[in-house]
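Welcome! Have the viewer open while you read, and follow along as we look at one residue and then at two pockets.

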Amino acid sequence: MSPGDARTVRAGRRTVRIQRPGKVLFPGGAGVAEYTKGDLADYYRAVAPWLLPHVRGRPLMLERHPDGVDGPRFMQKNTPDHYPDWIGRAEVAKEGGTVTHVVCDDTATLLFLADQACLTLHRWLSRTDRAGGLDHPDRLVFDLDPPGDDFAAVRQAAGWLRELLDELGLPAAPMTTGSRGLHLVTPLDGRQDFDEVRRFAHEVAEVAESRHPDRLTTAARKSDRGGRLYLDVQRNGYAQTAVAPYTVRALPGAPVAVPLAWEQVDEPGTNARHWTIADAVDQARTEPWAALPVRGRSLNTARSRLATLRGDADIHSDQA
């Protein structure tokens, strides 16, 4: 199939046209596989049953690469007028006005976004269709950002943070970012607003840092990290986003952000870019987050426990 061809794909009640499906978005070479726009569309159609539950009702920031990963990148928040009216939208307040984000609720929308060369879906941590609305997140995310590509440091930090969250009575699920590190995701009940959740996350990170000061840091400036792994909690702020589970990253070989079972974190072959669009669906079929509670947890009890731990660690800083 030549890059100039087009094909149509049926998704539920919709038919979506994929323009130039043969266009290369991920060039190959040196042991790295080549993938086209058609490959991207096929992947998103196949992974939709597992991806969509993580993005439904959530405003998205779209990372588009019309000329592939070697070309310009566009971070798109506002929904263009020419997008079909059947694509979901969420109008969100911002300083001086509003912005209307895409909301991806079905496979047809995923395919349309693939046709737009949207490689990565960056999701809000709150939903439009829950009590409290967009001001109240139902996800808490810790981003484990290693120095360089040291995944051994990520693996170790994930274990420490899991132990700490267990002490607080909060479950956490690991996910490769498809780039360098891991995200740990905790479902919340949505009763706290973004400021409260971000403050809590920062205080948890401070306790983790106090326990392992030579290996972990909460320093936002790279120059202050001293080769330590950065516990990034800034994604928990209002209008911030995190990569969605099963989304593709704009890197050679088309790596995918993939949820993991905890035992997989310690497997020797696991790293942030281990899964790609060639095998991420196989991982999805294993339901790695099956043990994660469906109902989100309240932070009330966790905050009381955290206050005790912070007192024991003699931490008295204010907020993030």
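Amino acids are sorted here into three classes: Ala, Val, Leu, Ile, Met, Phe, Trp, Tyr, Cys and Pro count as nonpolar, Asp, Glu, Lys and Arg count as charged, and the others, Gly among them, count as polar. Keep in mind that this is a predicted model.

**The second largest pocket**
- The lining of this second largest pocket has 3 nonpolar, 6 polar and 5 charged residues.
- The second largest pocket holds about 260 Å³ of space.
- Among its 14 lining residues, D143, T177, S179, R235 and R249 lie nearest the centre of the second largest pocket.
- Strand β10 gives the most to the lining of the second largest pocket, namely 3 residues.

**The largest pocket**
- The volume of the largest pocket is about 440 Å³.
- There are 23 residues lining the largest pocket, and P53, H54, R139, W289 and L292 are the closest to its centre.
- Two or more lining residues of the largest pocket come from each of α1 (37–51) and β12 (182–187).
- Sorted by class, the lining of the largest pocket has 15 nonpolar, 2 polar and 6 charged residues.

**A look at S126**
- You can find S126 in the loop that runs between β9 (118–123) and β10 (139–145).
- Is S126 buried or exposed? S126 counts as buried because its relative accessibility is 0%, and buried means under 20%.
- The S126 side chain reaches the backbone oxygen of L134 at 2.9 Å.
- Beyond its neighbours within four places in sequence, S126 is in contact with residues including G57, R58, P59, H136 and F194.

How values were computed: Residues numbered from 1 in each chain as written. Predicted model: local features only at pLDDT ≥ 70, side-chain atom pairs only at ≥ 80, totals over all residues. Heavy atoms only, no water. Helix = DSSP H or I, 4+ residues; strand = E, 2+ residues; numbered from the N terminus. Buried < 20%, exposed > 50% of the residue type's maximum accessible area, 1.4 Å probe, protein only. Polar contact = N/O pair within 3.5 Å; in protein donor to acceptor, adjacent residues only side chain to side chain. Contact = heavy atoms within 4.5 Å. 1 Å grid on protein atoms, 1.4 Å probe; cavity = no way out; pocket = protein on both sides within 12 Å on 5 of 7 lines; lining within 4 Å. Points joined across faces, edges and corners; volume = space filled by probe spheres on them.
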